[in-house]
Amino acid sequence: MLRQLRFLQACRHGTWRPFRRRFSDLIKILPEVRKALANGEPVVALESTVITHGMPYPHNIRTAQRVVQIVREHRATPATIAIINGKLRIGLKEDELEWLAKTEDPVLKTSRRDLSMVVSKGWSGGTTVAATMIAANKAGIPVFVTGGIGGVHRGGHSTLDVSADLTELGRTPIAVVSAGVKSILDISRTLEYLETQGVSVMTYGNTTDFPAFFTQKSGFHSPYNVTSPEEAAEVIDNHFSLGLDSGLLIAVPIPEQHAAQKVEDAIQRAVQQASEEGVRGDKVTPYILGKVDELTQGKSLAANIALMENNAAVGSQLAWALSHRRRKHYHNLPTSNLQAKSPLTDVVIKSNKPVVVGASVVDFVAKTKDPEVKLGGMTNPGTLTQSFGGVGRNIADCMSRLGAMPLLVSAVGNDPHAASFYIYSAHMDVSGVSQLEDQRTATYCAVLNGEGELVLGVGDMDINDQISPNLVSKFASAIELAPFVCVDGNVPEETVSYILKLCHYLQVPAWYEPTCVLKSSKPFRSDAWKNITYLSPNLTELRAIYRMVTGHEEPLVPEEDPTLSQRLQEAVFLVRPLLEYLHCVIVTLSRDGVLVCRNTEQQSSFPVGKGNNTIKKTMLTAVHYPVFPKTEQQVINVSGAGDCLSAGMMHGMLQGLPPDICIKQGLLAAYNSTQTHSAVPSNIDCTDFSEENIKKLHWPTYTIPI
């Protein structure tokens with residue numbers, strides 16, 4: 001039943017696609033292409049029918065090699081796409097290009113309709129414009145270079161002979177760079193068909209003249225033109241940002257010196273001969289091109305090669321400009337044009353996106369009805385629910401529901417759990433979440449007793465090791481403009497150190513979430529911890545951190561049943577050496593609230609924004625905040641309380657609110673979390689978190705001597 005419900009949910013949201021369910025099993029991405037995509041570097045997709053069906057040997061292999069070389073010369077990574085022995089290949093090696101160019105084995109001309117059959121039978125195929133668009137889009141390549149696209153064939157108004165390239169352009173968001181439409185086609189009707197499909201067509205250059213493959217002008221016009229790689233990149237980026245599910249056609253005129261001006265007569269003769277000889281279907285285009293080359297004594301082939309090389313240069317420039325634009329701007333957009341002013345310091349804080357780096361986990365929570373969990377193989381009556389967790393994801397989720405909309409930097413696998421993650425995270429900015437092939441999305445099973453307390457957990461968290469400094473470095477420009485950065489202890493130690501050092505270099509406040517006692521010490525194995533601005537451990541994690549920093553092992557309070565006063569005094573003692581470098585340590589005390597320790601006056605605002613991570617030590621303060629004063633409700637789940645506490649505080653900090661209000665916002669968010677089965681309540685109401693509402697609550701605080 002659960003499987004059926006998930007299937008129906010996926011269908012409803014449009015995420016269930018048979019091809020995509022096994023996509024990672026059906027493709028092979030060349031390592032250099034995979035690396036370039038992971039690093040946000042420019043990649044250019046290239047089709048393979050020009051090799052298998054478009055040109056004779058050895059012109060086909062020479063052209064393919066030259067195009068690949070041109071892409072590299074323009075600082076982009078080439079990704080020739082083809083099917084070899086039933087495997088969809090994204091990027092080909094030199095010997096594979098050579099094999100495609102001269103093999104005597106059957107290689108099918110493969111369009112959308114043929115993909116599943118060719119893959120299923122283990123055949124090989126040269127991918128057409130349509131099939132290459134599909135593969136490039138699924139691999140995350142936004143720019144595709146080809147010679148010329150297919151279109152409406154001459155006489156197509158009666159034969160309905162229309163290339164699948166046109167319908168693919170209408171439903172696959174990718175930028176296609178070509179020399180217009182092959183002049184053997186009906187260009188007028190092709191442009192009309194593209195308009196019907198909603199395809200944005202533009203000429204590259206200072207004119208709107210639409211090129212005709214072998215010549216610069218077809219006698220028809222594009223609706224628009226773009227004059228530079230940067231202008232084209234802006235259009236492409238905005239097209240994708242608008243969520244338009246159609247492609248763009250960027251028509252690049254062949255260089256004038258290579259244009260084959262007198263080909264129209266040859267085309268007419270070739271079309272006539274094709275009709276007389278009964279050539280049909282996908283054999284028409286290769287036949288006509290070959291006949292035209294014969295009739296023009298090779299001039300059309302020379303022009304074909306020249307325009308391919310020119311398109312490769314232009315397409316690579318567009319890909320580079322698009323990649324540069326995204327690295328510079330895409331991850332740094334402010335959540336709004338508003339500015340928040342601190343009522344204490346009158347410092348204007350720009351509303352750029354905070355960055356949260358950490359784990360994204362699909363949680364399965366088992367809760368028993370009884371207060372005690374029966375072990376030893378016994379079945380415990382209770383409930384089992386699926387939710388979404390991961391400390392970093394929880395914090396970003398809660399902040400998003402409160403209106404802060406941070407950028408989440410994380411990783412998921414290419415599996416059904418990832419699909420669920422994206423559906424659930426529609427309200428969040430997950431553009432920083434990398435979907436990794438051959439990896440499993442992190443999952444966690446928590447067993448809670450009847451009081452909602454964690455008894456044990458089992459986690460499959462290997463993918464978190466892939467959140468490397470290299471992956472995070474793609475978002476360095478976002479970190480530079482962030483008001484603060486939060487990193488959780490689930491990511492590798494080297495990544496934690498990299499982020500903290502980067503934040504120190506960029507003068508951006510950094511918040512470290514320890515996540516558990518085993519991971520709490522990651523930044524404290526080196527001097528990286530001295531770059532932390534905010535630290536939020538529980539008392540057990542704080543003890544481990546203290547031992548790491550000082551080397552002291554002796555207990556500081558009675559080991560059994562210490563009083564609240566003893567626990568507070570212990571926390572103050574443990575925090576003191578940390579406050580030599582850190583601005584604030586928030587010690588979570590479960591049912592007893594939090595202890596907020598700072599190296600400044602109690603009412604001094606929390607540092608947020610570039611240049612505000614420098615410690616200006618004036619005095620040490622410690623204030624105890626009890627839990628939210630509404631305790632009559634039963635605790636359902638405490639797994640996300642700490643994460644929501646941090647998110648609530650961060651929400652207040654972004655608004656420039658007084659520290660007292662920020663902390664109480666965090667405690668209110670933590671309370672809301674305990675009242676639901678989910679780590680982050682989906683019905684959280686941001687209006688409850690206003691400064692006015694918080695002030696109405698009777699909420700005592702207690703200053704602790706330090």
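This briefing covers the overall make-up, the 10-stranded sheet, the helices packed on that sheet and selected salt bridges of a predicted model. The protein chain has 706 residues, of which 55% count as buried. Its secondary structure comes to 26 helices and 27 strands. Among contacts between residues at least 6 apart in sequence, 71% join residues at least 24 apart.

**The sheet**

- Ten strands form an open sheet with mixed pairing, in the order β18-β17-β14-β21-β22-β23-β24-β25-β26-β27.
- The edges are taken by β18 and β27 (702-703); each has a single partner strand, so one side of each is left without a neighbour in the sheet.
- Strands of a sheet pair through backbone hydrogen bonds, in either the parallel or the antiparallel sense.
- β21 and β22 run parallel and are joined by four bridges.
- Within that pair, Asp488 has Glu513 of β22 as its bridge partner.
- On the other side of β22 in the strand order comes β23; strand β22 (residues 510-513) and strand β23 (residues 534-535) pair in the parallel sense over two bridges.
- Trp511 stands opposite Tyr534, a residue of β23.

**Side chains of β22**

- In a regular strand the side chains alternate between the two faces of the sheet.
- In β22, Ala510 and Tyr512 point one way, while Trp511 and Glu513 point the other way.
- All four of these residues, Ala510, Trp511, Tyr512 and Glu513, are buried.
- Glu513 is thus named twice here: as a buried residue of β22 and as the bridge partner of Asp488.

**Helices lying on the sheet**

- Helix α17 lies across β14 (355-357), β17 (407-413), β21 (485-488) and β22.
- The direction of α17 is at about 155° to β14.
- Helix α24 lies across β21, β22, β23, β24 and β25, and runs at about 170° to β22.
- Both β21 and β22 have α17 lying across them, and α24 lies across these two strands as well.

**Packing of α24 with α25**

- Two packed helices are described by the angle between their axes and the distance between the axes.
- For helix α24 (residues 641-654) and helix α25 (residues 659-674), the angle is about 145° and the axes are 7 Å apart.
- The crossing of α24 past α25 is right-handed.
- On the α24 side, the contact is made by Ala641, Cys644, Leu645, Gly648, Met649, His651, Gly652 and Met653.
- On the α25 side, the contact is made by Cys662, Ile663, Gln665, Gly666, Leu667, Ala669, Ala670, Ser673 and Thr674.
- By class, this contact of α24 with α25 has 10 nonpolar residues, seven polar ones and no charged ones.

**Salt bridges**

- Side chains of opposite charge can pair when their charged atoms come close.
- The whole structure has 23 salt bridges, including the three pairs below.
- Asp397 pairs with Arg393, with 3.1 Å between the closest N and O atoms.
- Both residues of the Asp397 and Arg393 pair belong to helix α17 (residues 391-401) and are four residues apart, about one turn of the helix.
- Asp397 has a relative accessible area of 0% and is buried; Arg393, at 0% relative accessibility, also counts as buried.
- Asp462 forms a salt bridge with Arg440, the closest N and O atoms lying 3.6 Å apart.
- Asp462 is in the loop between β20 (454-460) and α19 (469-473), and Arg440 is in the loop between β18 (429-436) and β19 (442-448), so this pair ties together parts that are 22 residues apart in sequence.
- Asp462 is partly exposed at a relative accessible area of 47%, and Arg440 is partly exposed at 48%.
- Arg567 forms a salt bridge with Asp592, with 2.6 Å between the closest N and O atoms.
- This pair links distant parts of the chain, 25 residues apart: Arg567 is in helix α23 (residues 564-575) and Asp592 in the loop between β24 (584-588) and β25 (594-598).
- Arg567 is buried, with a relative accessible area of 19%, whereas Asp592 counts as partly exposed at 26%.
- Arg112, Glu168 and Arg171 are joined into one network by salt bridges that share partners.

**An exposed loop residue**

- Gln257 lies in the loop between β11 (248-251) and α14 (264-276).
- The relative accessible area of Gln257 is 64%, which makes this residue exposed.
- Gln257 and Ala306 are 49 residues apart along the chain, and their C-alpha atoms are separated by 9.6 Å.

Technical notes: Residues numbered from 1 in each chain as written. Predicted model: local features only at pLDDT ≥ 70, side-chain atom pairs only at ≥ 80, totals over all residues. Heavy atoms only, no water. Salt bridge = Lys/Arg side-chain N within 4 Å of Asp/Glu carboxyl O. Buried < 20%, exposed > 50% of the residue type's maximum accessible area, 1.4 Å probe, protein only. Axes fitted to C-alpha atoms, helices over the stretch in contact; angles between N-to-C directions. Left-handed = near helix turned anticlockwise from the far one by under 90°. Contact = heavy atoms within 4.5 Å. Nonpolar A, V, L, I, M, F, W, Y, C, P; charged D, E, K, R; others polar. Pairing = 2+ DSSP bridges.
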